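Notebook open, coffee poured. I want to look up a few salt bridges, one helix and the ligand site, and jot down what turns up.

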Amino acid sequence: MSQATDTDVREDGIIESVSGPVVTARDLDARMNDVVYVGSEGLMGEVIEIEGNITTIQVYEETSGVSPGEPVEGTGSPLSVDLGPGMLDAIYDGVQRPLDVLEEKMGSAFLDRGVDAPGIDLEKTWEFTPEVEEGDEVEAGDIVGTVPETPSIDHKVMVPPDSEGGEVVAIESGNFTVEETVVELDSGEEIQMHQEWPVRQQRPTVEKETPTEPLISGQRVLDGLFPIAKGGTAAIPGPFGSGKTVTQHQLAKWADADIVVYVGCGERGNEMTEVIEDFPELEDPTTGNALMDRTCLIANTSNMPVAARESCVYTGITIAEYFRDMGYDVALMADSTSRWAEAMREISSRLEEMPGEEGYPAYLSARLSEFYERAGYFENINGTEGSVSVIGAVSPPGGDFSEPVTQNTLRIVKTFWALDADLAERRHFPSINWNESYSLYRDQLDPWFEENVRDDWPETRQWAIDTLDEEAELQEIVQLVGKDALPEDQQLTLEIARYLREAWLQQNAFHDVDTFCEPEKTYRIMDAAKTYNDAAFEALDAGVPVEEITDIDAAPRLNRIGVQEDYNEYIDDLEDDIESQLRELY
Ligand code: ADP
């Protein structure tokens with residue numbers, strides 16, 4: 001978090017009242033959303049309401065012991081983040097204080113209050129390689145040089161978005177701190193490797209484009225049935241034990257995003273600790289480097305008050321936009337947006353606002369959509385294209401999707417991955433319920449799959465969907481009268497659907513090969529099931545009894561395709577065997 005300079009410091013106010021994270025102050029000279037330092041300990045807060053000479057502040061640190069009469073100091077600047085090299089591999093709290101630095105300053109993590117620390121290391125030097133020359137004209141957003149930030153990512157140093165631009169009159173090359181000037185313009189403007197940006201303000205772009213490329217996750221059920229676009233939005237509800245953590249790790253590891261921003265806002269303390277411990281251990285499977293080399297973690301720990309959950313979310317999306325501006329595809333995962341909504345509810349009730357549904361404020365829906373709105377596939381102001389995809393976890397109490405946070409989220413996001421506790425109990429993983437989930441990107445992404453995988457991708461997928469739908473209907477009858485009462489063709493459909501579920505939809509995150517499935521393999525497994533389907537129905541038409549068809553010994557091999565490394569050869573053989581074994585029956 002950036003600190004205000006002395007020159008902006010405004011007149012102090014006096015604390016009037018303290019109610020949990022909400023503090024009111026008298027006679028403070030401040031504007032909406034300004035950062036202020038509250039009490040003699042200087043706790044960081046943000047102005048959320050101004051009425052006459054009373055200013056209401058939400059405080060991002062625990063307020064116990066703070067009392068009326070203590071001073072409040074305004075900074076004159078809105079809540080902003082420091083953007084520059086050093087954010088990858090970092091673990092921040094909700095107001096962009098690096099947790100390792102805090103730990104050093106305080107001796108132990110999350111103990112003290114009122115400690116400030118810059119979001120990026122001001123002393124570390126970075127190797128700057130210029131990309132423009134003296135005499136070049138540059139404009140806002142233009143890339144003037146690069147820094148190898150981590151083994152995985154080159155950081156692009158950009159002219160700040162609010163710059164007037166101008167002609168480059170001096171440019172450096174070599175090792176500098178983020179505060180040293182690397183480029184000078186004829187206007188006198190000096191450009192450093194870091195910039196500040198207010199978190200509540202979307203970074204400017206030229207335009208939001210219709211996303212046409214999928215964010216490939218390597219998970220068959222997602223890529224095959226419910227794809228998300230690069231620049232798309234998705235919600236994933238995660239009842240306890242349903243595989244939420246595994247799914248999130250899989251996405252962070254395998255999604256073909258350049259950068260991952262993981263926002264953990266106020267899940268139960270130990271869950272966040274899990275993330276803080278787990279992520280630094282994970283390896284980036286594509287490069288072999290640490291996953292943290294392309295990841296920024298923002299973790300609001302449980303001992304931070306609720307208000308900080310909100311700043312977490314905004315800090316995260318602003319960092320994501322900054323990397324997008326460099327031309328990168330960024331995936332932001334927010335876990336869990338329900339905790340953020342609960343924070344809004346608590347603050348709103350302390351402000352004595354008129355409550356909406358289940359006590360959530362009336363602006364819940366507006367806040368959520370403002371956040372998801374910042375996702376998208378964009379043409380950036382420097383001419384590059386980049387995307388921010390947002391995947392928000394929701395934790396509906398009791399798994400009840402009719403509650404307001406889930407419902408409001410569903411109205412906004414275009415992909416819904418319903419994790420299902422029943423499936424998890426039956427050990428069907430990933431436990432994405434294929435009847436309840438959906439993706440509104442499916443049609444617009446079809447041309448990509450047709451061009452880059454197979455041109456009959458949409459038709460084959462539609463066959464799979466129809467088969468699974470039919471199974472769902474038939475299952476209801478089976479429950480009443482038993483499977484044997486069904487006509488033979490329906491019995492056969494049930495058997496094919498079972499293979500679709502077991503061979504295609506199920507995927508073992510812990511198997512070296514099966515953990516990632518490229519789109520070609522996703523297609524081929526689904527198509528192998530269809531090959532069995534087509535040959536089996538031909539045999540049935542020729543009068544072969546259904547038990548004989550389902551008894552062929554090649555069929556169960558479908559369930560082992562996932563773990564095959566040389567799957568093409570395996571499937572070619574399997575399809576031949578299925579066809580010839582069935583042909584022998586008539
Ligand atoms: P949650 O975070 O929702 O409580 P987890 O993600 O920890 O649940 O998953 C619970 C267990 O389910 C895991 O320990 C693992 O055994 C199993 N599991 C979840 N997803 C998968 C998967 N894709 N492949 C294999 N096992 C899985």
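I started with Glu346 and Arg350, which sit 4 residues apart in helix H6, so about one helical turn separates them. They form a salt bridge, with the closest N and O atoms 3.2 Å apart. Worth remembering that this is a predicted model. I checked exposure too: Glu346 is partly exposed at 27% relative accessibility, and Arg350 is partly exposed at 34%. The general geometry fits my expectation: an α-helix has 3.6 residues a turn, so residues three or four places apart point the same way.

While in H6, I checked its length. The helix runs over residues 337-350, and at 1.5 Å a residue its 14 residues should span 20 Å; the end C-alpha atoms are 20 Å apart, so that agrees. I then looked at the N-terminal end, where Ser336 acts as the cap, with a side-chain oxygen 3.1 Å from the backbone nitrogen of Ser338. Just past the helix, I found Glu352 with a positive phi of about 55 degrees. Buried residues of H6 include Trp340, Met344 and Ile347.

Next, another helical pair. Lys530 and Asp534 are both in helix H13 (residues 519-541), 4 residues apart, about one turn of the helix. Their side chains meet in a salt bridge at 3.2 Å, N to O. Lys530 is partly exposed with a relative accessible area of 23%, and Asp534 is partly exposed with 37%. I also noted a network: salt bridges with shared partners join Glu46, Arg200, Glu310 and Arg367.

The structure has 28 salt bridges, and I pulled up one more, between the side chains of Glu213 and Lys230 (3.2 Å, N to O). What does this pair tie together? Glu213 is in the loop between strand E18 (207-209) and helix H2 (220-225), while Lys230 is in the loop between H2 and strand E19 (233-237), so the bridge links parts 17 residues apart in sequence. Glu213 is partly exposed at 29% relative accessibility, whereas Lys230 is buried at 6%.

Last stop, the ligand. Which of the 14 residues around the ligand come nearest? I get Gly241, Gly243, Lys244, Thr245 and Val246. An N or O atom in the side chain of Thr245 is 2.4 Å from a ligand oxygen. On the backbone side, Gly241 has an N or O atom 2.7 Å from a ligand oxygen, and a polar backbone atom of Gly243 is 3.0 Å from an oxygen of the ligand. The protein covers 75% of the 560 Å² of accessible area that the ligand has on its own. The shell breaks down into 6 nonpolar, 6 polar and 2 charged residues.

Definitions and conventions: Residues numbered from 1 in each chain as written. Predicted model: local features only at pLDDT ≥ 70, side-chain atom pairs only at ≥ 80, totals over all residues. Heavy atoms only, no water. Near = heavy atom within 4 Å. Polar contact = N/O pair within 3.5 Å; in protein donor to acceptor, adjacent residues only side chain to side chain. Areas by Shrake-Rupley, 256 points an atom, 1.4 Å probe, with all protein chains shown as cover. Nonpolar A, V, L, I, M, F, W, Y, C, P; charged D, E, K, R; others polar. Helix = DSSP H or I, 4+ residues; strand = E, 2+ residues; numbered from the N terminus. Expected span 1.5 Å × (residues − 1). Buried < 20%, exposed > 50% of the residue type's maximum accessible area, 1.4 Å probe, protein only. Salt bridge = Lys/Arg side-chain N within 4 Å of Asp/Glu carboxyl O.
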